[in-house]
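Trainee: I'd like to learn how to read the place where two chains meet. Can you walk me through it?

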Amino acid sequence: MDAIKSAMSSAASGMHAQSVRLRVITENIANAESTGSTPGADPYRRKTVTFGELVDRETGAGLVEVKRIGRDPSDFKLEYDPNHPAANDAGYVKKPNVSSLIEMGDLREAQRSYDASLKAFETSRNMLGATLDLLKR
Amino acid sequence: MLSKIAVLRQASAQMEYQSHRQALVTENIANADTPGFRPRDLKPFDEQVRTARIDLAVSSDRHLKGRAGGGLADMQAKSYEVAPNGNGVVIEEQMLKMAAIQGTHQMASQIYRKGVELLRASFGRG
């Protein structure tokens with residue numbers, strides 16, 4: 001019974017971690033065009049999520065947590081647009097280092113992992129149900 | 001009383017084993033994207049049965065009750081592949097395991113149920 005309970009909390013932590021990741025990916029996509037507003041200013045920098053393993057001291061269940069929401073240090077894209085308020089002296093505007101292709105790929109992976117945790121939760125619940133059914137006549 | 005009956009004891013041990021295994025597989029799935037995480041699994045059931053729960057006989061209260069093993073032993077599971085970030089969890093593989101776990105757990109619980117039904121029948125209350 002305890003094992004099943006800890007299985008369910010592991011699955012829940014997995015779903016939570018993936019939903020935080022989903023949130024960050026959505027933030028990236030939403031800010032894919034967010035430039036600075038003063039000449040030469042930096043635009044939005046892509047955020048990244050790192051997961052870490054965690055053990056719940058009370059139950060001994062192995063969980064997952066969002067260890068860090070970091071920033072992608074890669075270079076910004078430059079686009080020639082002299083009339084933009086954020087354009088530098090040469091007329092180039094720094095664009096966020098967000099690639100919609102990468103974000104979409106990440107999005108699918110997050111969804112897949114979320115679904116897997118959900119399925120694991122369901123299975124654990126069914127097993128608990130099967131055990132409790134033994135009490136029935 | 002019920003634990004003295006071999007079938008019921010085996011069935012409940014199997015259910016306990018599968019529950020623990022399910023907990024480990026769920027952990028693996030939750031950590032499917034954690035860098036450096038390697039999936040874990042329990043050692044096979046027959047191996048656990050062979051090594052666990054062998055208490056030393058005691059003839060006095062002051063003797064230590066030694067125990068070989070005790071609890072369920074887990075191990076690092078082999079996985080199909082390891083991602084570049086050091087993660088060895090393949091979700092499909094874990095899903096496969098989960099299906100097997102659920103199947104065996106269901107079988108064990110049905111056996112338990114049938115065992116109890118058999119007992120009831122022998123009491124004349126079938």
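Mentor: Sure, and keep in mind that this is a predicted model. The size of an interface is often given as the accessible area lost when the parts come together. Here, chain A and chain B bury about 2500 Å² between them, with 61% of that on carbon and sulfur atoms.

Trainee: How many residues of each chain are in contact?

Mentor: Chain A brings 35 residues, which touch 29 residues of chain B.

Trainee: What about salt bridges and polar contacts across the interface?

Mentor: The rule finds two salt bridges between chain A and chain B. One of them joins the side chains of Arg112(A) and Glu92(B), at 2.9 Å from N to O. As for polar contacts, nine residue pairs between the two chains make one, counting pairs with both residues at pLDDT 80 or more.

Trainee: Which element supplies the largest share of chain A's side?

Mentor: That's H2(A), with 14 residues. By class, chain A's side has 13 nonpolar, 14 polar and eight charged residues.

Trainee: And how do I read a nonpolar core?

Mentor: In soluble globular proteins, nonpolar side chains tend to be buried together. The largest core in this model has 14 residues, and Ile4(A), Val25(B), Ile29(B) and Met98(B) have the most contacts inside it. Elements giving two or more residues to this core are H1 and H2 of chain A, plus helix H1 (6-30) and helix H3 (91-122) of chain B. H2(A) gives the most, four residues.

Trainee: What does Ile4(A) touch, leaving aside its neighbours within four places in sequence?

Mentor: Ile4(A) is in contact with Ser124(A), Met127(A), Leu128(A) and Ser19(B).

Note on methods. Residues are numbered from 1 along each chain as its sequence is written. Chains are lettered from A and ligands numbered from 1 in the order in which they are written. This is a predicted model: local features need pLDDT of at least 70, side-chain atom pairs count only at pLDDT 80 or more; totals for chains, interfaces and linings use all residues. Side-chain values use heavy atoms; hydrogens and water are left out. Contact means heavy atoms within 4.5 Å. Buried area is the accessible area (1.4 Å probe) that two parts lose on being put together, summed over both. A salt bridge is a side-chain nitrogen of Lys or Arg within 4 Å of a carboxyl oxygen of Asp or Glu. A polar contact is a pair of N or O atoms within 3.5 Å; within protein, one must be able to donate a hydrogen and the other to accept it, and residues adjacent in sequence count only if both atoms are side-chain atoms. Ala, Val, Leu, Ile, Met, Phe, Trp, Tyr, Cys and Pro count as nonpolar, Asp, Glu, Lys and Arg as charged, and the others, Gly among them, as polar. A nonpolar core is a set of buried Ala, Val, Leu, Ile, Met, Phe, Trp, Tyr and Cys residues joined through side-chain atoms within 4.5 Å. Buried means under 20% relative accessible area, exposed over 50%, partly exposed in between (1.4 Å probe, protein chains only).
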